[in-house]
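Open the model in your viewer and keep the sequence panel at hand. We will go from one selection to the next, and at each stop you can check what is there.

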Amino acid sequence: MAGTLTSAAALAQEGQTQADEQEVIEEVVATGTRLKGTAAAVLQERQNQAFVADILGADQIARTGDGDAAAALRRVTGLTLVDGKFIYVRGLGERYSSTQLNGMGVPSPDPTRSVVPLDLFPSDIIESLNVQKSFSPDMPAHFGGGNVNIRTKSIPSEFVFKVSGGVDYNTNNSTEGFFYGGGGDDWTGRDDGTRALPAIISSNLEQAQSDDGIEGSGSYPLTLEQRKEMLGSMFWDIGPDAKDVDPDFDIGATLGNRFVTDIGEFGFLSTISYENEWDVGRERQGTNLGTNGCSSLSDRDTSDGKCFGQSYDGIETEQSVSWSGMFNVGYEYNSNHRLEITNVILHDMNDRVRVRDFIDVNETIIGTRELERVDMLFEERRMTSSQIKGTHNFPELDFMYFDWYAGSSRAGREAPGGLSLTYQQNLEDGEFLSQQLQDVSATNVDRQYQDLRDASETWGWNLGYPVMFDGVDLEIKAGADFFEKARKAENITIQVPHRAIADDAQFGDQIDDIFSPEQLASDEFYDSATGAGILQSNMADGDEYAAGTKIDAYYLMADAFINNKWRFSGGVRYEDFRQISVPFEAHANSFSVNSEEIAQLAFQEDDFFPSLAMTYIMDDEMQFRFNISESTIRPDLRDISTTFFIDPLTEFLVRGSPLLRSSKLRNADFRWEWYREAGNNLSAAIFYKDIENPIELVELGTVGGAAPNLLTANGDTGELYGVEFEFLQDLSFVDSRLVDFFVTGNVTVSDSEVVIGAADDDRTSLFERQLLDALDATSASNIVTNNVRRLVGHSEWVLNLQMGYDSPNGEHSATLVYNAFGPRIIVPGTRGNEDAEEQTFHSVDFTYSYYPDFNSQIKFSVKNLLDQEKRIDQEGLDLLREERGVEFGLSYSYTF
């Protein structure tokens with residue numbers, strides 16, 4: 001926000017001209033030392049902050065070639081990237097971090113995660129990324145590993161017009177993929193209605209529910225002609241067909257200016273970007289680990305005879321389209337009053353088709369009856385945000401300042417027309433005879449339609465008043481934050497049972513052949529004269545729900561400099577938190593619970609959260625920090641819902657618990673920082689977190705099926721502790737001729753422990769109560785393999801290294817970046833099986849930039865030079881293995 005401890009505001013007008021001149025000088029110097037020029041500003045900000053934080057600037061992001069906030073943040077000390085979208089801070093899962101946009105809360109378009117997927121934010125709109133690792137009273141109390149504040153680019157100091165474009169190629173894409181035609185607007189990242197649930201199906205579902213209720217197994221009391229029309233109205237032109245994918249490309253533009261008038265300065269900044277990319281890769285996946293049927297799969301089991309009951313191996317083809325836009329306007333008067341309006345729209349589409357060999361130990365007979373699995377997922381994610389911020393300094397009131405803000409955001413996810421089916425390939429003596437829908441009565445063609453809408457409103461203010469007396473500069477600060485979020489979500493699954501299709505009609509190797517318009521219109525397609533059972537609804541009560549969150553927060557804090565040697569910052573935050581999630585009846589616009597049950601579903605708590613930071617400033621270069629605080633991690637809307645959702649990383653079913661409690665954290669940080677000449681720096685930190693009732697995932701032991709069912713539940717206790725090191729150093733200390741080379745990096749070494757509370761004793765733990773409630777049982781066996789283990793998602797070490805070169809004439813720069821993390825638990829083991837762990841991924845990226853003149857840049861990049869695969873292992877088997885390929889990129893930008 002606006003205020004500082006010093007009276008810099010009084011000198012703002014006088015120093016503006018000098019600052020402008022200094023900016024010009026720095027810009028010229030940065031041509032020769034690009035790293036130092038870009039790092040100096042963020043290092044200065046980090047040094048001046050009262051609380052432990054790491055900051056990444058826009059130029060630093062551009063230098064490493066990272067295209068979005070998620071990819072860039074994995075360069076920050078102690079941060080790891082999961083699923084390409086979510087950041088784990090100091091080994092704590094994504095639920096233990098929070099995300100803000102320009103200091104304001106925003107909703108998430110991802111129903112499976114409690115935080116915003118950071119791959120939504122392209123680097124083109126980012127000014128800096130601030131990761132605050134120690135809690136301060138002016139931050140949200142939902143604080144574990146840290147708070148990520150994405151700060152968008154602001155009004156420029158002068159006219160700017162920049163255009164850019166690039167192409168990319170992944171070595172995996174030389175492999176032929178499988179895809180389909182889709183809708184006419186797919187190139188825009190939006191479905192044109194082709195995949196949507198037909199109105200006739202939704203109306204018949206609602207009518208059946210309101211009349212007599214849906215018949216057994218979710219079937220309809222309808223005529224054959226009605227069933228024909230409903231089935232024929234669905235999108236079946238899916239193929240999939242063999243496809244050679246196109247190269248990736250992206251384009252972007254930025255336009256902005258500032259105008260000086262007699263009544264103040266006005267300015268604007270606008271950016272747009274568009275990216276279209278393809279990925280083809282091999283994927284291997286397993287689920288339902290056990291020992292049954294493993295003897296027939298000796299090449300796929302472990303030394304002790306374990307194997308996955310179901311496993312998949314084949315080709316994944318995915319198209320991703322993303323576009324974004326930002327428009328900012330601002331006004332500044334007399335250097336003391338500033339008003340800025342920021343508008344952001346982010347849109348991301350992923351369209352995925354997988355064609356994979358499928359082994360089911362109960363159904364597959366190698367050489368006689370083999371299976372193939374085909375699935376399709378199309379999803380759009382979108383977020384829009386409009387924010388207004390005011391900053392006001394009052395020199396006439398002893399430099400008191402007042403900041404205020406308000407924001408309105410919308411987020412949504414649509415996943416229409418998802419499909420999955422299983423083919424059966426009939427062979428004789430290993431020779432292919434025919435292919436048909438799997439000949440098992442319990443199998444279905446599944447079509448899924450999902451929709452999620454979030455809307456949030458946030459507003460707040462900060463008031464600061466500086467007081468100066470002998471040897472002490474003191475600032476008193478108070479403020480308030482208010483946040484409201486509403487959600488409406490729906491998940492409809494339609495099943496077409498194989499048994500309801502006539503035997504002769506089930507043969508074919510293309511979806512659009514089996515479900516062609518001619519087939520669907522023919523009476524011979526249906527197994528019965530009435531078509532009974534051909535369409536079933538698998539939607540359950542709670543698959544549609546409405547939810548809301550409201551937070552009222554107030555804080556009071558003080559920041560004091562004593563003799564320019566000691567700095568004490570701290571205070572207390574009060575938050576009143578309310579949340580509720582209410583399920584609807586399937587295919588009915590009515591709640592599935594009564595008013596008394598709704599009251600029991602409400603979640604409310606309020607508490608105070610103290611924080612204290614002490615800094616000892618030894619001299620201009622060296623300082624020591626110590627922070628202690630208390631914070632909380634609260635359940636998300638999905639965490640208190642009994643509805644199952646599919647985790648996109650493991651594809652396991654996950655559900656929440658209405659009995660879930662907040663986690664309470666006690667945090668301590670100590671950091672030594674040494675800021676040396678020419679931007680060289682070194683720092684070391686120690687951190688510790690004590691967690692009461694940590695929120696973890698455990699398996700629901702008595703629920704079987706093709707995929708494990710996981711429960712979001714509270715453990716008893718948890719703790720995390722570790723050390724961090726960070727450095728930046730040019731190589732002039734080796735030889736003066738190496739002054740243009742530099743190395744920078746960071747390493748985090750840590751450990752964690754969580755006690756689940758599943759031990760066999762006389763005490764019924766919170767976890768056990770939640771487990772029994774989820775199972776609707778009075779007793780359950782203890783199935784957790786490791787009652788004491790590391791936290792889910794925690795890596796014991798994280799390493800980032802970077803070597804760079806800046807030519808003396810400023811025309812060339814090159815960067816080699818290495819990132820790796822230690823194995824981390826993704827799915828806790830049960831029934832004696834070990835935990836499933838994501839294995840170390842060694843990422844090596846190279847970026848070279850050529851500046852033919854001051855306005856132009858040509859960039860060449862290579863990502864994943866080692867051609868590493870993503871692997872999640874359990875008991876030595878591949879729970880998940882994905883090819884990533886080596887990606888080559890070439891881009892050009894010109895600034896007018």
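Start by selecting Leu766, Phe767, Glu768, Gln770, Leu771, Ala774 and Leu775 in α10: these residues are buried, where buried means under 20% relative accessible area, exposed over 50% and partly exposed in between (1.4 Å probe, protein chains only). Helix α10 covers residues 766–775, and 7 of its 10 residues are buried. Helices (H or I, at least four residues) and strands (E, at least two) are DSSP runs, numbered from the N terminus. An α-helix has 3.6 residues a turn, so residues three or four places apart point the same way.

A note before you go on: this is a predicted model, in which local features need pLDDT of at least 70 and side-chain atom pairs count only at pLDDT 80 or more, while totals for chains, interfaces and linings use all residues. Residues are numbered from 1 along each chain as its sequence is written, and side-chain values use heavy atoms, with hydrogens and water left out.

What covers the buried residues of α10? Show β26 (653–655), β29 and β30, which are among the elements that do so; contact means heavy atoms within 4.5 Å. Just after α10 comes Asp776, with a positive phi near 50°.

Now select β29. 5 of its 5 residues are buried. Ile695, Leu697 and Glu699 lie on one side, with Glu696 and Val698 on the other. In a regular strand the side chains alternate between the two faces of the sheet. Add β30, which pairs with β29 in the antiparallel sense over 5 bridges; two strands pair if DSSP finds at least two bridges between them. Glu696 has Ala713 in β30 as its bridge partner.

Stay here and look for empty space. A cavity is a set of points on a 1 Å grid over the protein atoms alone where a 1.4 Å probe fits but cannot get out, and lining residues have an atom within 4 Å of a point. Grid points are joined across faces, edges and corners, and a volume is the space filled by probe spheres set on the points. There are 4 cavities of 30 Å³ or more, and the second largest cavity holds about 370 Å³. Of the 23 residues lining the second largest cavity, select Tyr88, Glu94, Arg113, Leu697 and Val792, which lie nearest its centre. β29 (695–699), β30 (709–714) and β36 (824–827) each supply at least two residues of this lining.

Next, find the open sheet of 5 strands, ordered β1-β6-β7-β4-β5 with mixed pairing. Its edge strands are β1 (53–57) and β5 (104–105). Within the sheet, β4 (residues 97–101) and β7 (residues 146–152) run parallel, joined by 5 bridges. Gln100 has Asn149 in β7 as its bridge partner.

For a hairpin, select β40 (residues 869–874) and β41 (residues 877–883). The two form a hairpin with 2 residues between them, and Glu875 in the turn has a positive phi of about 55°. Across the pair, Glu869 stands opposite Glu883 in β41.

Finish with some backbone surprises. Most residues other than glycine have a negative phi, and most peptide bonds are trans. The bond from Gly239 to Pro240 is cis, with omega near -10°. Asn334, in the loop between β13 (307–333) and β14 (337–360), has a positive phi near 60°. Is Asn563 buried or exposed? Asn563 is exposed, with a relative accessible area of 54%.

Definitions and conventions. On a 1 Å grid over the protein atoms alone, a cavity is a set of points where a 1.4 Å probe fits but cannot get out, and a pocket is an open set with protein on both sides within 12 Å along at least five of seven lines; lining residues have an atom within 4 Å of a point.
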